[in-house]
Each structure stands twice: as C-alpha cells, then as structure tokens.
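Colleague: Could you take one part of this model and go through it closely, with the cut-offs stated as you go?

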Amino acid sequence: MIRKGAFHIKIKSLFPVYQPIVDVRNGNIIAFEANIKATLESNDEIGYELLRDSGAVENLDFTARDLASIEFKLKKYKLFVNVEPEELHKPLFSEDIELNDVVLEITEESKEYTDPERLKKKFEKLRENGL
C-alpha cells in the first residue's frame, strides 16, 4: 500500500469520466457514475486511487465531485457521485451546483459504517439542507 504523499506527480489537468449505469433487464442507460482522472505533465493518465495516494490535489473528493457535476451535460440522467461518510459534515459541492439530479453514493470502505446511528444523523442533516 502506498501512503498518502509518498510520491510526487505533476498534474497537467483533471477531468471527469462518466461510467454508464445500465438496466440489465433492457440494456437502457439509466444514470452515470462520475470518476476523476488526471493527465500528468508526461501526458500519462492516472485514476483516482493514485491521484488520492499522491496527495497532489488538495480536497480531491470535493474537487472531483464539483468538476464532474459542473461538466455533466446529459441532464436527462441522474449523476452518481462518491462520498465518504467522513465528508458529510463538510460542504460537498460549490454553492452553484444544481443538485436535483445528483445521487450521493456512500463508499463502502469507510470506518463510519461501524456506527450506523452517527451515519443516520448525518443523512438527516443532509436532508434538512435539501439533499
């Protein structure tokens, strides 16, 4: 396992990629899941895990969600974005993001899954704030 900040990379750009979510009964696309990648100065591309482990982007998850939501153009579909429960007390998006078609997908690797009551309270707070 690589520890955060263990290596240095030079990022040229970040860009979202959208994976279709398909209804297996009929093959229709029903939504998209957002992921983030980076183009390095060497023109190589890296995915989220290496980007996260490098520590090269401050507030990576916020930046990734924000960028993916802003650039998503297929407005007839819902957009799924990943959120770790530990982030639910922080702003999840810029204030100018339209959230009607955004679905928060809570990641499974979180330690907070061991405390369902705490997680439930965070969800209630998000609902109070319109999510």
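Modeller: What follows is a close look at the salt bridges.

This is a predicted model, in which local features need pLDDT of at least 70 and side-chain atom pairs count only at pLDDT 80 or more, while totals for chains, interfaces and linings use all residues. Residues are numbered from 1 along each chain as its sequence is written, and side-chain values use heavy atoms, with hydrogens and water left out.

A salt bridge is taken as a side-chain nitrogen of Lys or Arg within 4 Å of a carboxyl oxygen of Asp or Glu, and by this rule the count comes to three. For accessibility, buried means under 20% relative accessible area, exposed over 50%, and partly exposed in between, with a 1.4 Å probe and protein chains only.

Asp23 pairs with Arg25, their closest N and O atoms being 2.9 Å apart; Asp23 is buried at 12% relative accessibility, whereas Arg25 is exposed at 74%. Arg52 forms a salt bridge with Asp53, with the closest N and O atoms 3.2 Å apart, and here Arg52 is partly exposed at 34% while Asp53 is buried at 15%.

In the salt bridge between Asp101 and Lys78, the closest N and O atoms are 3.7 Å apart. Asp101 lies in the loop between strand 4 (78-83) and strand 5, and Lys78 in strand 4, so the pair ties together parts that are 23 residues apart in sequence; strands here are DSSP runs of E, at least two residues long, numbered from the N terminus. Asp101 is partly exposed at 33% relative accessibility, and Lys78 is partly exposed at 37%.

Conventions:
Helix = DSSP H or I, 4+ residues; strand = E, 2+ residues; numbered from the N terminus.
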